[in-house]
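Let's take a slow walk through a protein model together. Keep the picture open beside you while you read.

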Amino acid sequence: MASIKSYNYKWKQYKHHGEETIDGYTFTRIPPVSINGRWNMKIIKLTETIPWHTDWNTKCAINYLLNDDLESAGHIEMGEKAEKFQYRMALIDTTKRHRAVVYNKPRKILKISIFDESYEEVCKKLDSLFMS
């Protein structure tokens with residue numbers, strides 16, 4: 001199984017009280033994921049490339065890229081072959097060697113670190129939410 005999996009979500013036009021359209025206001029619903037055991041959530045701002053590492057005591061993480069511009073926000077590299085991934089939302093096997101590469105703008109991420117469930121277990125849950 002891969003060490004990273006990207007998920008897509010769709011932006012919708014917001015309508016105030018279900019009727020009035022507000023220009024420039026779009027949203028997306030992210031379905032709730034039932035995570036068993038311990039987890040935490042944090043916002044990370046990277047201004048430098050993070051060296052190769054595996055996360056300590058974390059089995060996997062769900063990352064949401066907060067940058068508007070995907071292209072200038074950098075990417076993550078995974079594994080021995082340093083495969084390059086750009087994503088808006090991804091599940092990452094943090095027990096595998098990886099690093100975050102920052103380009104010319106800070107990389108802002110909402111990270112949900114999961115301590116008690118494996119990448120494979122969480123991947124099945126996300127697949128059932130996003131692929132159905």
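## A walk through the model

Start in the loop between strand 6 (75-78) and strand 7 (83-85), because that is where you'll find Ala82, in a model that is predicted. Ala82 has a phi near 55 degrees, a positive value in a residue other than glycine. That's worth a second look, since most residues other than glycine have a negative phi. As for its surroundings, Ala82 counts as partly exposed, with 30% relative accessibility.

Which other residue has a positive phi although it is not a glycine? Asn57 does, with a phi of about 65 degrees. Asn57 sits in the loop between strand 4 and strand 5, and it is exposed, with a relative accessible area of 52%.

Now step along to Thr58, which lies in the loop between strand 4 (39-46) and strand 5 (60-65). Is Thr58 buried or exposed? Thr58 counts as buried, because its relative accessibility is 8%, and the cut-off for buried is under 20%. Leaving aside residues up to four places away in sequence, Thr58 touches Thr94, Thr95, Ser113, Ile114 and Phe115.

### The two cysteines

How many disulfides does the structure hold? The answer is zero. To see why, remember that a disulfide is a covalent bond between the sulfur atoms of two cysteines. The cysteine sulfur closest to that of Cys60 is in Cys123, and at 9.2 Å it is too far for a bond. Look at it from the other end: Cys123 is in no disulfide, and the nearest cysteine sulfur, 9.2 Å away, is that of Cys60. Cys60 is buried, with a relative accessible area of 0%. Cys123 counts as buried too, at 3% relative accessibility.

### Into the helix

Glu120 lies in helix 1 (residues 119-130). With 34% relative accessibility, Glu120 counts as partly exposed. Try finding Lys59 as well: Glu120 and Lys59 are 61 residues apart in sequence, and their C-alpha atoms are 9.8 Å apart in space.

Here are the residues we've met, set side by side by how much of each can be reached.

| Residue | Relative accessibility | Class |
|---|---|---|
| Cys60 | 0% | buried |
| Cys123 | 3% | buried |
| Thr58 | 8% | buried |
| Ala82 | 30% | partly exposed |
| Glu120 | 34% | partly exposed |
| Asn57 | 52% | exposed |

### Zooming out

Time to take in the whole chain. There are one helix and ten strands. Read from the N terminus on, the elements go β-β-β-β-β-β-β-β-β-β-α. If you boxed up the C-alpha atoms along the principal axes, the box would be roughly 50 × 35 × 25 Å.

What share of the 132 residues in the chain is buried? Buried residues make up 37%. The accessible surface of the chain comes to about 8300 Å², and 51% of that belongs to carbon and sulfur atoms.

Contacts are worth a look as well. Take the contacts in the chain with a separation of 6 or more: residues 24 or more positions apart account for 76% of them.

Last come the charges. The chain has 21 positive and 17 negative charges, and the mean positions of the two sets are 1 Å apart.

Conventions
Residues are numbered from 1 along each chain as its sequence is written. This is a predicted model: local features need pLDDT of at least 70, side-chain atom pairs count only at pLDDT 80 or more; totals for chains, interfaces and linings use all residues. Side-chain values use heavy atoms; hydrogens and water are left out. Helices (H or I, at least four residues) and strands (E, at least two) are DSSP runs, numbered from the N terminus. Buried means under 20% relative accessible area, exposed over 50%, partly exposed in between (1.4 Å probe, protein chains only). Contact means heavy atoms within 4.5 Å. Accessible areas come from the Shrake-Rupley method with a 1.4 Å probe; for residues, only the protein chains shown count as cover. Lys and Arg count as positive and Asp and Glu as negative; His and the chain ends are not counted. The place of a charge is taken as NZ of Lys, CZ of Arg, CG of Asp or CD of Glu. A disulfide is a pair of cysteine sulfur atoms within 2.5 Å.
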